[in-house]
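Biologist: Please put the model on the screen, and then I will ask about its parts one at a time.

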Amino acid sequence: MSGRVVVLGAGFGGLELSTMLSERSGGEIEVTLIDKGDAFVFGFSKLDLMFGNETADAVRMPYAEIAKPGVRVLRETVTAIDPETRQVTTDAGTHEADALVVALGADYDFDATPGLLEGGNEFYSVAGAERLAEVIPTFSQGHAVIGVAGAPFKCPPAPSECALLLDEELRSRGVRDACRISFVIPLPTPVPPSPEASAALEGEFAERGIELIAGRRVNALDPERSVALLDDGSELPFDLFLGVPKHRAAEVVIAGGMTEDGYVPVDPATLETRFPGVYAVGDVATAGVPKAGVFAEGAARVVAQALLAKFAGGEAPGRHLGQGTCYIEFGSGRVGSVDIDFLSGPSRTGSFNAPSAERVAEKERFGSSRRARWFASE
Ligand SMILES: Cc1cc2nc3c(=O)[nH]c(=O)nc-3n(C[C@H](O)[C@H](O)[C@H](O)COP(=O)(O)OP(=O)(O)OC[C@H]3O[C@@H](n4cnc5c(N)ncnc54)[C@H](O)[C@@H]3O)c2cc1C
């Protein structure tokens, strides 16, 4: 039995999977990790970038720094996936796999929200966050709208964090009284799995004068009139629009015939697709967990165990439990968190930990430990 594993996408899922396969098989399993980019950036770094707290150079982790036994990192763009034969085509050639792991994340469907890029801004890509670092300091009066264009979207607390961090930024410049902030989210509450986290966020919004418009989606922007059009037909005029675009799997995954309703269906316990030897982890999959790095990583560990058992005689894999901690920036250096447990028991739970200094240190360790594990040379 060979052990050629091809991993598509070097994000949270692909990086953890490749690291674990290398570490546990001592390089015996041949891993090809393919990504179109040249560096990894944490999702939460986009908030740091847009509010000018970090530079793009500081948050980039170049793939060229990865040196793990058995792992080959290729900078190529995946152009076709044949899940039946496990053959992948890229702009540089073809790759055959004994096991194929699709970890291409969720892509943004900007066209689904007409006017979003012409009339507003998005903060979910590095480029969008960098552009906003120039725009936000020039906003000193008027109406700022933070608007989400569809669910599911990555990291459910992120737009709430954006609203609180914008409030903090405007206060620090002494212009908050000249500004109004509204926050439009298609979910019924800011973080539905955790009523306590939602209540804490709603309390902060009320205290800071941020208007929450829950259960509403932004359908389009009218750039001529600087107006956001919501899904109930109402209009919201804005001077600054900070948007979360609609998400879906990358075009190449959809074209490969692997998706249903925009994402790849998998067995939530094993992350296997309906194609033998083909797995999907992270945001690209419908796996019964929120779209967040911590779950992509947990899913990758389960698949790594399965592949180690198959190709290197490792222990039989456990099942994906859908557990992980999501950190929430409350502004003014305060960080809270939600401990999510979606698949281990009969019901989904999300317990809230109030902002504290301990949480700030935990979030810091969350980032630095991943950076060291995935990028430091062994
Ligand atoms: C503002 C914001 C804040 C966030 N905060 C948090 C947080 O605090 N905690 C948390 O856990 N998560 C957070 N997230 C979510 C997190 O970033 C994602 O859920 C996570 O990155 C998903 O991991 P993944 O491996 O599925 O995909 P990704 O990390 O998105 O990786 C996918 C990779 O595939 C590559 N790719 C795509 N298409 C192709 C192609 N055709 N060819 C080659 N390569 C391709 C991409 O370049 C990318 O590197 C946040 C996200 C945002 C936007």
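Biologist: How many residues lie between strand 7 and strand 8 in their hairpin?
Modeller: This is a predicted model, where local features need pLDDT of at least 70, side-chain atom pairs count only at pLDDT 80 or more, and totals for chains, interfaces and linings use all residues. Residues are numbered from 1 along each chain as its sequence is written, and side-chain values use heavy atoms, with hydrogens and water left out. Strands (E, at least two residues) and helices (H or I, at least four) are DSSP runs numbered from the N terminus, and two strands pair if DSSP finds at least two bridges between them. Strand 7 and strand 8 (residues 93–96) run antiparallel, joined by four bridges, and the number of residues between them in the hairpin is two.

Biologist: In strand 8, which residue is the bridge partner of Val 88?
Modeller: Val 88 belongs to strand 7 (residues 87–90). On the strand 6 side, Val 88 stands opposite Ile 81. In strand 8, its bridge partner is His 95.

Biologist: Which side chains of strand 7 are buried?
Modeller: In a regular strand the side chains alternate between the two faces of the sheet. Buried means under 20% relative accessible area, exposed over 50%, and partly exposed in between (1.4 Å probe, protein chains only). In strand 7, Gln 87 and Thr 89 point to one face and are not buried, while the side chains that point to the other face and are buried belong to Val 88 and Thr 90.

Biologist: Which residue in the turn between strand 6 and strand 7 has a positive phi?
Modeller: Strand 6 (residues 78–82) and strand 7 run antiparallel, with four bridges, and their hairpin has four residues between them. Most residues other than glycine have a negative phi, and most peptide bonds are trans. The residue with phi near 55 degrees is partly exposed, at a relative accessible area of 21%; its name is Arg 86.

Biologist: Where is the cis peptide bond that ends at Pro 152?
Modeller: Pro 152 has its place in the loop between strand 12 (142–148) and helix 6 (158–172). Cys 155 lies in that loop too, with a positive phi near 50 degrees. The cis bond, with omega near 5 degrees, runs from Ala 151 to Pro 152.

Biologist: Which residue has a polar backbone atom 3.1 Å from a nitrogen atom of the ligand?
Modeller: A polar contact is a pair of N or O atoms within 3.5 Å; within protein, one must be able to donate a hydrogen and the other to accept it, and residues adjacent in sequence count only if both atoms are side-chain atoms. For oxygen atoms of the ligand, a backbone N or O atom of Gly 13 lies at 2.8 Å and a polar backbone atom of Gly 293 at 2.9 Å. For the nitrogen atom, the residue is Lys 36.

Biologist: Which element gives the most residues to the shell around the ligand?
Modeller: The elements that give two or more residues are helix 1 (12–25) and helix 9 (293–312). With three residues, the one that gives the most is helix 9.

Biologist: How many of the 20 residues of helix 9 are buried?
Modeller: Helix 9 is followed by Gly 313, whose phi is positive, near 70 degrees. Helix 9 is largely enclosed by the rest of the structure, because the number of its 20 residues that are buried is 14.
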